[in-house]
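Colleague: Please take a close look at how helices pack against one another in this chain, and follow the part you find most instructive into its surroundings. I would like one connected account rather than a list.

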Amino acid sequence: GSSTDTRSGHAELPHRAIASTFRGRRGAATMLTKLWVVALLAAQNAQPAFADEEDLAEADGEDDFGGDDYDGDYGDVGDYGGGGYGGGYGDDEYGGGGDPTPAWETVESFDGIAEFVNQDETEPAVVGFFDADRDADQQKVYEEVAEGSRYDFRFALVTDEAARTTAKLQKGPAVLVYAPPRFVKEGVDKKRARYPSAKLDAEALKKFIFKRSVPLVGQKTWKSGERYDKQGVPVVTLFAAIDLEKNAKGFDYFANRLRKVAADYVGKLSFNIGDKEDFSYQLEDYGIELPAKKDVGVGAKDGNKYYRMEDKFNVDNVRKFAQAVVDGALEPKIKEEPSYDDDHDASGEADDSDYEESDVTVLTDANFADVTDGKDAMLEFYAPWCGHCQALKPTYKELGTRLASADVVVGAMDATANSPPDGYDVQGYPTLIFKTASGKTTSYDGDRDVDSMVAYIKEHAEAESVKSEL
């Protein structure tokens with residue numbers, strides 16, 4: 001990603017490039033990573049985004065998208081008719097639109113569409129098809145939406161006439177939203193959904209993307225959490241020890257069973273699966289305790305109302321629990337949400353009590369240089385109102401505790417109450433930057449778990465004492 005797209009969780013791996021498939025905001029190294037991932041997926045017989053031209057062409061048909069007016073008037077956008085959904089997804093939430101790189105990748109071939117969709121199998125993808133001349137106005141709307149949501153979704157732009165013709169989407173502008181391929185079950189999930197109008201409305205398109213980016217049963221991560229919250233229905237989460245890389249079958253075991261219930265509650269409930277260690281800090285909200293490795297728990301969240309399934313996990317019990325949530329037959333546990341209006345005390349100083357009670361060093365304009373000069377340091381720049389920052393906080397506190405005795409700074413600065421120093425390019429929240437003892441700064445784009453961050457610090461720290469201590 002760009003230096004400010006700190007939400008990426010992918011390490012860069014060397015491999016050969018396929019010329020001119022993509023152009024866009026990522027550099028050559030990231031390009032190689034994605035092509036390596038595509039090749040790996042192919043080797044593992046992963047389901048492609050679409051098997052052939054006929055499959056993609058279904059995007060024009062009624063079967064996939066439930067409408068019969070795509071060749072005609074296109075009508076209005078129904079439930080996606082704009083209004084009330086745009087706040088919080090644009091640049092404002094992430095600190096201003098300062099990133100000069102494009103928020104989308106240009107795909108120049110039909111095969112490149114599948115490559116783009118599959119380059120991150122656990123994340124959704126949005127692909128816009130436009131004639132650069134005929135659809136200039138609609139393309140501009142699409143690019144504006146991509147710019148405002150660059151940290152939430154992956155966007156691609158297809159203007160190549162041959163690619164659009166092969167896809168049978170050359171007649172007019174089209175936007176397709178692909179659910180994460182890893183979680184799409186053939187014959188159960190729809191791979192993609194087409195925005196139901198040739199005339200794009202920015203607010204309606206944002207809403208549509210959020211709605212259709214979630215599969216029938218997906219993975220709960222710090223990044224996908226907001227998408228589930230924006231579904232407008234209670235979210236049922238199964239908490240278990242899951243690891244997609246080391247035990248894919250374990251995840252699929254739970255997902256296949258949840259789908260049997262989820263299919264009957266489309267539009268009423270959303271379903272996902274979260275690793276109980278990654279989200280251990282949330283279990284208390286549901287009143288769930290999972291002390292043993294093989295313990296499994298199921299809960300539901302509806303705003304600040306939390307519900308716990310009392311029975312053991314099986315399809316029948318999940319179905320009974322889901323129906324009780326829909327019927328309002330359960331007594332919820334109410335979580336008192338923090339009031340960010342109180343983040344500043346009467347003196348106007350920022351209240352950083354959350355981090356002051358931890359091993360993370362609270363950084364301000366006044367102490368930044370004194371604390372970090374000559375030190376290797378992992379630095380977080382956050383905003384108190386940012387949901388992603390709140391989700392990262394427990395992990396970052398744990399990082400501070402893990403490194404409390406090491407000669408390295410784990411610091412956090414409220415970038416809305418302070419000004420990040422020169423040389424620290426903070427465009428979004430949270431931004432993680434690693435600074436070496438000599439002052440070199442690098443955006444941290446790795447996985448946001450403690451082990452990954454510790455490994456990164458050990459590799460990049462300049463002080464030998466840090467390397468030996470870790």
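Modeller: An axis here is a line fitted to C-alpha atoms, for a helix over the stretch in contact, and an angle between two axes runs from 0 to 180 degrees between their N-to-C directions. With that in hand, and keeping in mind that this is a predicted model, we can start with helix α5 (residues 136-148) and helix α7 (residues 202-212), which pack at an angle of about 55° with their axes 10 Å apart. That angle makes α5 oblique to α7, since angles from 65 to 115 degrees would be needed for roughly perpendicular and angles under 35 degrees for roughly parallel. The crossing by which α5 passes α7 is right-handed. On the α5 side the residues that meet the partner are V141, Y142 and V145, and on the α7 side they are A202, L205, K206 and I209. Sorted by class, this contact holds 6 nonpolar residues, no polar ones and 1 charged residue.

A second pair can be described in the same terms. Helix α9 (residues 248-262) packs with helix α11 (residues 315-327) at an angle of about 40°, and their axes are 9 Å apart; α9 and α11 are therefore oblique to each other. Their crossing is right-handed, and it is made by R257, L258, K260 and V261 of α9 together with V315, V318, R319 and A322 of α11. The class count for this contact of α9 with α11 is 5 nonpolar, no polar and 3 charged residues.

The part I would follow further is the pair α14 and α15. Helix α14 (residues 387-402) and helix α15 (residues 450-460) pack at about 50°, their axes being 9 Å apart, and the two are therefore oblique to each other. Here the crossing is right-handed, and the contact draws T395, E398, L399 and R402 from α14 and V450, D451, M453 and V454 from α15. The residues of this contact divide into 4 nonpolar, 1 polar and 3 charged.

What makes this pair worth following is its link to the largest nonpolar core, which has 39 residues and in which M378, F381, Y396, L399 and L403 have the most contacts. The elements giving two or more residues to that core are β13 (361-363), β14 (377-382), α14, β15 (409-414), β16 (431-435) and α15. Apart from it lies another core, of 28 residues, including F183, M309, V318 and V325; V318 is also one of the residues that α11 brings to its contact with α9.

Within the largest core, L403 repays a closer look. L403 sits in the loop between α14 and β15, and it counts as buried because its relative accessibility is 2%, where buried means under 20%. Setting aside residues up to four places away in sequence, L403 touches V408, V410, V454, I457 and L470. Among these, V454 is also a residue of α15 in the contact with α14. L470 lies 67 residues from L403 along the chain, yet their C-alpha atoms are separated by 8.2 Å.

One of the strands listed for that core, β16, also contains T431. With a relative accessibility of 0%, T431 counts as buried, and its C-alpha atom is 9.6 Å from that of A415, which is 16 residues away along the chain.

Turning to residues in other loops, W104 is placed between α3 (62-65) and β2 (105-107) and, at 16% relative accessibility, counts as buried. W104 and R150 are 46 residues apart in sequence and 7.7 Å apart in space, C-alpha to C-alpha. K168, in the loop between α6 (161-166) and β5 (174-178), is by contrast partly exposed, with a relative accessible area of 45%. Its phi is near 60°, a positive value in a residue other than glycine; most residues other than glycine have a negative phi.

For the setting as a whole, the chain comes to 16 helices and 17 strands, and buried residues make up 50% of its 470 residues. Of the contacts between residues at least 6 apart in sequence, 73% join residues at least 24 apart.

Key: Residues numbered from 1 in each chain as written. Predicted model: local features only at pLDDT ≥ 70, side-chain atom pairs only at ≥ 80, totals over all residues. Heavy atoms only, no water. Helix = DSSP H or I, 4+ residues; strand = E, 2+ residues; numbered from the N terminus. Parallel < 35°, antiparallel > 145°, perpendicular 65-115°, else oblique. Left-handed = near helix turned anticlockwise from the far one by under 90°. Contact = heavy atoms within 4.5 Å. Nonpolar A, V, L, I, M, F, W, Y, C, P; charged D, E, K, R; others polar. Core = buried A, V, L, I, M, F, W, Y, C linked by side-chain atoms within 4.5 Å. Buried < 20%, exposed > 50% of the residue type's maximum accessible area, 1.4 Å probe, protein only.
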